Structures are given as C-alpha cells and as structure tokens.
Amino acid sequence: MVTLGELREECGVFGVIGHRDAALLTYYALYALQHRGQESAGIASVRRDWIEARRGMGLVSEVFDDEILGELESDTAIGHVRYSTSGESLLVNAQPIVVRFKHGSLALAHNGNLINAHLLKERLEGEGSIFQTTSDTEVIAHLIARQPWSDLEEAVLAALKEIRGAYGLVIMTKDRLFAARDPHGIRPLVLGRLNGTFVVASETCALETIGAEFVREIEPGELLVIPKEGEVYSLQIDKGEREAFCVFEYIYFARPDSDFRNRNVHLVRKNLGRFLAEDYPVIADVVTGVPDSSISAASGYAEEAKIPYQMGLIKNRYLGRTFIQPTQRLRERGVRLKLNPIKQVVWGKRVVLVDDSIVRGTTAKHIVQLLRLAGAKEVHLRISSPPYRFPCYYGIDTSQASELVAVGRSVEEIREMIGADSLEFLSVKRMVEACGFSYDSFCTACFTGDYPVSLEKRVSLPNDF
Ligand code: SF4
C-alpha cells in the first residue's frame, strides 16, 4: 500500500513563459501536482534581469501566500514540488535552484534521479566546483556552467548529454524556457498551450487545472527550447535504446485525471483491476479499495467480478501524507491515524481488498488487521501490480532491497506475514497488457530487475536475483 508510507514519491515540475500571471499559474499548477511531493515547494520567476526564487518546506499552501506570490509576479516562472529521492530532506535541497554564471542567471527544476550523479560530482569537485546542496540538480547546474560553449543552448545540450538516468527537467533563463526529458522517457513531461503561450508540466492534470490545452508529450531524449519571442524548436539530446516510461506512473504515482500516451490513468487502473478479477477470482460479498490510489482498480475488479463495490475504508485527508515522516515507527503511527474501516460495510462479510502495490508489507498487514477488527469474515488481498522486488534508481525512494517484503519470499509467505485469507498479484505480462502498450516501451525494473539504464558499480541488486 503505497499511499500510506511505503513508497516515497518523486517530484513535480512546471514552467510557463510569456504569461503575465506566470507566478500564480505556477502556484495553481503546483497545487495540482502536490501528490508528487509534499516535502518542499518552490517557485522561481524572472524579475527584469535577475531570477527571484521562494522555496519552503511543506505543502504548496503552506509555503506560499498572497504576499510571496506578489513578490514573484512575472511573465516567466518555473515551479517544483519535491520529495527527497536524492539528497537530504533539507530546505537547501528544495527547488528550483538558481545559479548565476557567465551566461547570466538560470533556474532549474528536476524530477527524477541521475544514476551517474556521484561520478559527475566527484569529477566536478576535482575540477574546483563547490556544491551547496546534496541534490542531483546542482550537478546539472555545474555541468552547464562548466561547458566551454559561448552559447547557452549548446551548453545545456552538452551538459544533458553527460547525465544518465531519469529526468523531466525545466530550465529557465530571462528569455527562454528549456524542457528536457531523459532519452528513455522514464519520467513524464508534457507541453501545453495557454492563450498563445507555452507551459510544461509533469502531468496533464496541471494543464487542465490552469485551463491550458494539451499539445503533446516532450519526446524521450528531446530538449525543447521555448523562447519568449519566436518559434519553439527541438534539439536531440540522445536517443535511448528503447523507450522506458515508468509503469508505476499508471499504477500509482500519477493523478487519475492525468493522461499519458493518450491513455487516462483512471481507466488504465480500472483495467488493471479488471484483469486482476479475471485472473484471480474469489467468492466474496464486497470489493473495497485502499484510498485513494487503489479506488480505480477496485472499481474495475468489482465490475468484472460482478461483486458490489463499497467504500470500506475512509481516509483522513487532513493529516498530510505519512511518508513525509522519516522513521518507520512514525509511519506506522501515521497509518493508524489515517485510515478507518466502515464497520457496517465489512462486518460479517467476505471482503476483497484491492491495493496497487505492496512494498514493505507493514501497511498491508495493518489494513488487513483493521478490516478483521471491524468484523470482516474473510479478507482476500488483490494487488494490481506484480511483487515489488527491486529498488528503483530513477527517482522513487523505496529504501533498501532488504526492506522489500517480496525479496526472498514466495507469495504464500507474504500472505502469511500479512495475515490475509488469500493474496494474489497481477503478473508482469498482464500489467503491461492492461496499460495498453508493449513491454518494451516501459520501465518495469522494480518488478523485473530489467533496468533500462544500466546501473553504476556501486548499485547492488538483491542477492536472490
Ligand atoms: S524502477 Fe519502477 S518505479 Fe522506478 S522508474 Fe522503473 S517502473 Fe518506475
């Protein structure tokens, strides 16, 4: 159950150029992207010849107020919401980061993780760079600053050719916006249009929130240059061997009202639930889903199985997401505060509980216990993704391989540990089919160990694979 503390999220980015309400639009867009990171939020905007940035720890609504947004008023801005997938949970690591160098000022906001950041950092430090943060994003800034090119565009392109891993990146100067996506397209990034100006965002839900129309996705390996005046054009960073869009965006990360590759996330999740019902039917009285991210899959399961869907668990929405809290002890307490079963729905019933994933297993165990305490006669757990067996190195913090419950355990052993009457996972093949694209177009590494960008030496896989 990832929504309650087992899997930490990545980040959300947004950028707009040439709109007089740029800062306010960025604020609204970050609101829409809040699910992608709740640890810190930031907006940078162009103020005449310099770049002004405001960053803070907490939710978008906690970091910004009218006065701050007034100070950021501009026609060009970028924004970021963060969960720390690399670098510590500190204000200094909040984004966008702003640097000043020979080309002027530059602001960067990055979603993803670079697998060669430590090597690049070592090299740059050897060459005299001084780092102020522990985030990967500063490595990109230093790389750009150290390029010999006199033209900024060439410098950005050359820097991006050196980095490896996953990124959806927006870079802002006083008269240009750059939007770049890693050569495998692991992390999402979309282009929209609003009243003749361009915006970029991690997800389409941010475009809809501000009334922008969707234009297209930034292509894997594309560096899109959006000048304040003049035509938009594309440069090629590199072509990955294959596209490898993160399948977990469909399963859990993205908001259900977002679309990727012209497929709506909610409908894909319903499909995952449907396939799960086809492959793993069970005689039961009621189907329920773990709120919020599993509701779509649960409704798909219920429809296919012809078992009534009921809201069996209620989430307290006002606590903030528990995975902001750093320790396991606090996370478990967060789960108790956050979910409550509806006794009248589950009492004396055989319940199918649908969840999107099991990472460490502690939350699933707790929810099964909650349902039993509320009187459920049987609890059949159905997971709309395969067992999560490999750590993600592309921007999702799943902690160590040793913490993943599916590493070294059979499904039966996991079931026993969680205490469910039955437990089934969707297979990799069926997951990919439900998403509607070929296996080769996805990153499925956390389920298969098939990493699309080969890992550096210091990364080790679980030893039973
Ligand atoms: S390893 Fe998993 S979570 Fe990470 S990018 Fe690949 S599919 Fe997404």
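**Exercise 1. Is K306 buried or exposed, going by its relative accessibility?**

Before starting, note that this is a predicted model, where local features need pLDDT of at least 70, side-chain atom pairs count only at pLDDT 80 or more, and totals for chains, interfaces and linings use all residues. Residues are numbered from 1 along each chain as its sequence is written, and side-chain values use heavy atoms, with hydrogens and water left out.

*Solution.* Start with the cut-offs: buried is under 20% relative accessible area, exposed is over 50%, and partly exposed is in between (1.4 Å probe, protein chains only). K306 has 74% relative accessibility, so it counts as exposed. Next, place it: K306 is in the loop between α10 and β18 (313-315). Helices (H or I, at least four residues) and strands (E, at least two) are DSSP runs, numbered from the N terminus. Last, look at the backbone: K306 isn't a glycine, yet its phi is positive, at about 55°.

**Exercise 2. Find the other backbone oddities: N262, and the peptide bonds leading into P96 and D292.**

*Solution.* Here's the background: most residues other than glycine have a negative phi, and most peptide bonds are trans. Now take N262, a non-glycine with a positive phi of about 65°. N262 sits in the loop between β15 (259-260) and β16 (263-264), and its relative accessible area of 71% makes it exposed.

On to the peptide bonds. Q95 to P96 is cis, with omega near 0°, and P96 belongs to the loop between β4 (76-82) and β5 (97-101). P291 and D292 are also joined by a cis bond, with omega about -5°. D292 lies in the loop between β17 (286-289) and α10 (295-305).

**Exercise 3. Describe the surroundings of H380 and L224.**

*Solution.* Take H380 to begin with. It's part of strand β21 (residues 378-383), and at 7% relative accessibility it counts as buried. Its side chain makes a polar contact with the side chain of E378, at 2.8 Å. (A polar contact is a pair of N or O atoms within 3.5 Å; within protein, one must be able to donate a hydrogen and the other to accept it, and residues adjacent in sequence count only if both atoms are side-chain atoms.) Skipping residues up to four places away in sequence, H380 touches V282, V351, V352, L353, D421 and S422, where contact means heavy atoms within 4.5 Å.

Then go to L224, in strand β12 (residues 222-227). L224 is buried, with a relative accessible area of 1%. Beyond its neighbours within four places in sequence, its contacts include L177, F178, A179 and Y233. Check F178: this residue is 46 residues from L224 along the chain, but their C-alpha atoms are separated by 5.6 Å.

**Exercise 4. Which residues surround the ligand, and how do they divide by type?**

*Solution.* List the shell, counting a residue if one of its heavy atoms lies within 4 Å: I186, R187, C246, V247, F248, C392, Y394, I396, C443, A445 and C446. Sort them next: ten are nonpolar (Ala, Val, Leu, Ile, Met, Phe, Trp, Tyr, Cys and Pro count as such), none is polar and one is charged (Asp, Glu, Lys or Arg). Finally, map them to helices: α8 (247-253) and α16 (445-448) each supply at least two shell residues.

**Exercise 5. How many helices and strands does the protein have, and what share of its residues is buried?**

*Solution.* Count the elements: 16 helices and 23 strands. For burial, 62% of the 465 residues count as buried. To finish, take contacts between residues at least 6 apart in sequence: 70% join residues at least 24 apart.
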